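Open the model in your viewer and keep the selection box ready. This tour goes stop by stop.

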Amino acid sequence: MLIAKALVLGVWFFGLGNLIFIYPSYWSTMATWTLGSLAGIHIAETMYFLGQIKAAPEPIWQNLFSSMVFGLVHNRRYLNND
């Protein structure tokens, strides 16, 4: 799971890197689409699992942050309870 989280962070850094260092041509387009897709998908996943995130024993802000950053890698534990 640590490798999956590292991979997700790497993809986030790739997308966010375009906001700081403008990538050349094709890479800029890919980074913009990657960042937009990650943000949209992770917002949707967080909304889907929001009830379970609120019911979890951990602090809600910690779970919301982890859900927004890592998405399904973090929220996978809630799938076993369905």
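Which residues does N75 touch, not counting residues up to four places away in sequence? Select N75 and show its surroundings. The neighbours are E45, F49, I53 and S67. N75 itself sits in helix α5, which covers residues 72-79. Is N75 buried or exposed? N75 is buried, because its relative accessibility is 0%. Keep in mind that this is a predicted model.

**The whole chain**

Now zoom out and colour by secondary structure. You will find 5 helices and 0 strands. From the N terminus on, the order reads α-α-α-α-α. The C-alpha trace spans about 45 × 25 × 20 Å along its principal axes. The chain has 82 residues, and 33% of them count as buried. Turn on contacts next. Among those with a separation of 6 or more, 46% are between residues 24 or more positions apart. Then add the surface. The accessible area of the chain is about 5,600 Å², and carbon and sulfur atoms hold 74% of this area.

**The aromatic rings**

Select the aromatic side chains. The structure has 5 aromatic pairs. Start with F14 and W27: their ring centres are 6.2 Å apart and their planes meet at 90°, an edge-to-face pair. F14 belongs to helix α1 (residues 2-20) and W27 to helix α2 (residues 25-48), so this pair ties together parts that are 13 residues apart in sequence. Next, show Y26 beside W27. Here the centres are 5.7 Å apart and the planes stand at 75°, so this pair is edge-to-face too. Why does 75° qualify? Because planes over 60 degrees apart count as edge-to-face.

Add Y23 to the selection. Ring pairs join F14, Y23, Y26 and W27 into a cluster. Check how open two of its members are. F14 is partly exposed, at 25% relative accessible area. W27 is partly exposed as well, at 49%.

**A lysine over a ring**

Select K5 and F70. K5 lies over the face of F70, 4.9 Å from the ring centre.

**A salt bridge**

How many salt bridges does a search of the whole structure find? The search finds 1. Select E58 and R77 to see their side chains meet, at 3.4 Å from N to O. E58 lies in the loop between α3 (50-55) and α4 (60-70), while R77 is in helix α5. The two are 19 residues apart, and the pair links distant parts of the chain. Both ends show at the surface in part: E58 is partly exposed at 29% relative accessibility, and R77 is partly exposed at 32%.

**A nonpolar patch**

Switch the surface back on. Select L16, L19, I20 and F21. They form a nonpolar patch on the surface, with about 460 Å² of accessible area together. Look at L16 within the patch. L16 is in helix α1 and is partly exposed, with a relative accessible area of 36%.

**Last stop: S25**

Select S25, which is found in helix α2. What is its phi? Its phi is positive, about 30°, although S25 is not a glycine. S25 counts as exposed, because its relative accessibility is 64%.

Note on methods:
Residues numbered from 1 in each chain as written. Predicted model: local features only at pLDDT ≥ 70, side-chain atom pairs only at ≥ 80, totals over all residues. Heavy atoms only, no water. Phe/Tyr/Trp six-rings, centres within 6.5 Å; stacked < 30°, edge-to-face > 60°. Helix = DSSP H or I, 4+ residues; strand = E, 2+ residues; numbered from the N terminus. Buried < 20%, exposed > 50% of the residue type's maximum accessible area, 1.4 Å probe, protein only. Lys NZ or Arg CZ within 6 Å of the ring centre and 35° of its normal. Contact = heavy atoms within 4.5 Å. Patch = residues over 30% accessible without salt bridge, like charges linked within 9 Å, V, L, I, M, F, W, Y side chains within 5 Å. Areas by Shrake-Rupley, 256 points an atom, 1.4 Å probe, with all protein chains shown as cover. Salt bridge = Lys/Arg side-chain N within 4 Å of Asp/Glu carboxyl O.
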